[in-house]
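Student: I've got a new structure to look at, and I'd like to learn how to read it feature by feature. Can you walk me through it?

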Amino acid sequence: FGRDKILDIESCPGRKLVIACDGSSGQAARLLGLTDEFLHSSCHAFGAVASMDRAELSSVPLAERRIHGLLFDLSAYGIELGDMDLSTGFSLKMFGSTRHRYMSLALPRTEGTLVRHMRLVLDRSMMRNIFVQCFNTCKWSNESALTEAWALRHLKFSPRLFDIKLFQRLETVAYFQDTDMFVLAEGEAARCCNFHTGKTGMVVVR
């Protein structure tokens, strides 16, 4: 969508309604005249995401998996089980295809020892280990397990937990009298999270 399309729309006779729904990274709403200001609000949760591309496999869609109450053995990183808040485990969602696999890890906002460490310390080894554990524990039976050596080269992931936020466009509808045109932003063009839910594209960081 570019300015040439806007000229085509404006040349149409009569009143016009244009709906911008090209996602969180689209430019249609801004080009059509809506302000590009967003209201940021916390979802009161922390999260991390990971993805991997296995080019040697064909792309066959796989059913998503959701697992709740996950806990990890991180004693090798100086975090004992007694330091963890056992009342709230992690929630994991795995989705994608045999070639492109994605994982989203989330938990409610808390200030336990483990979460504080995962938020403040940039420890790629620990986060990689967590996602490898997640995949190998929750994968489908016909999927091969991940090895540390493979993950070291191919796994892409958040290096630490981040605050999951909702971004809402301050202006989602406008009327332009000179062109007799209404512009409406819908879907992720109007609101989105900086977290991969499996229903949209990868992480958006603003």
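Tutor: Sure, and let's begin with a single residue. At 23% relative accessibility, D180 counts as partly exposed. Keep in mind that this is a predicted model.

Student: Where does D180 lie?

Tutor: D180 is in the loop between β8 and β9. Those two strands make a hairpin with four residues between them. The backbone is worth a look here too: phi of D180 is near 50°, a positive value in a residue other than glycine.

Student: Which other residue has a positive phi, near 55°?

Tutor: That's H44, again a residue other than glycine. H44 is found in strand β2, which covers residues 38-53. Its relative accessibility is 56%, so H44 counts as exposed.

Student: Back to the hairpin. How many bridges join β8 to β9?

Tutor: Four, and the two strands run antiparallel, with β9 covering residues 181-185. You can pick out one of the partners: A174 is bridged to V183 in β9.

Student: What is the strand order of the open sheet with three strands?

Tutor: The order is β1-β9-β8, and the pairing is mixed. At the edges you find β1 (16-20) and β8 (173-176), each pairing on one side only. From one strand to the next, the twist averages 15°.

Student: Now for side chains. How is a pair of aromatic rings described?

Tutor: You give the distance of the centres and the angle of the planes. The count in this model comes to three aromatic pairs. One of them is Y175 with F182, at 4.6 Å centre to centre and 40° between the planes, which makes the pair tilted. The label tilted fits because planes under 30 degrees apart count as stacked and those over 60 as edge-to-face.

Student: Are Y175 and F182 buried, exposed or partly exposed?

Tutor: Partly exposed in both cases: Y175 has a relative accessible area of 36%, and F182 has 31%.

Student: Rings can also have a charge over them. Which residue lies over the face of W140?

Tutor: R65 does, at 4.3 Å from the ring centre. There is also K93, whose charged end sits over the ring of F95, 5.6 Å from its centre.

Student: What are the bridge partners of K93?

Tutor: K93 has one in each direction you might look. R66 is bridged to K93 in β4, and K93 is bridged to S104 in β5.

Student: How do β3, β4 and β5 pair up?

Tutor: β3 and β4 are antiparallel over four bridges. Six bridges join β4 to β5, which covers residues 100-108, and that pairing is antiparallel as well. Three residues separate β4 and β5, which form a hairpin. As for cover, five of the seven residues of β4 are buried, so the strand is mostly covered.

Student: What about the loop between β3 and β4?

Tutor: β3 spans 65-70 and β4 spans 90-96, and L71 lies in the loop between them. L71 counts as partly exposed, at 38% relative accessibility. For a sense of distance, take K16: the two are 55 residues apart along the chain, and their C-alpha atoms are separated by 53 Å.

Student: Let's try a helix. How far does α4 reach from its first C-alpha to its last?

Tutor: Helix α4 (residues 124-138) has 15 residues and reaches 21 Å, close to the 21 Å expected at 1.5 Å a residue. Its buried residues include M126, I130, F131, C134 and C138.

Student: Two cysteines there! How many disulfides does the structure hold?

Tutor: Zero. The general idea is to check the sulfur-to-sulfur distance, where a disulfide needs the atoms within 2.5 Å. The sulfur of C134 is 6.1 Å from the closest cysteine sulfur, in C138, so that's too far for a bond. C134 is buried, with a relative accessible area of 1%.

Student: And why does C12 form no bond with C21?

Tutor: Because the gap is too wide: the sulfur of C12 is 17 Å from the one in C21, its closest cysteine sulfur. C12 itself counts as partly exposed, at 38% relative accessibility.

How values were computed. Residues numbered from 1 in each chain as written. Predicted model: local features only at pLDDT ≥ 70, side-chain atom pairs only at ≥ 80, totals over all residues. Heavy atoms only, no water. Buried < 20%, exposed > 50% of the residue type's maximum accessible area, 1.4 Å probe, protein only. Pairing = 2+ DSSP bridges. Axes fitted to C-alpha atoms, helices over the stretch in contact; angles between N-to-C directions. Expected span 1.5 Å × (residues − 1). Phe/Tyr/Trp six-rings, centres within 6.5 Å; stacked < 30°, edge-to-face > 60°. Lys NZ or Arg CZ within 6 Å of the ring centre and 35° of its normal.
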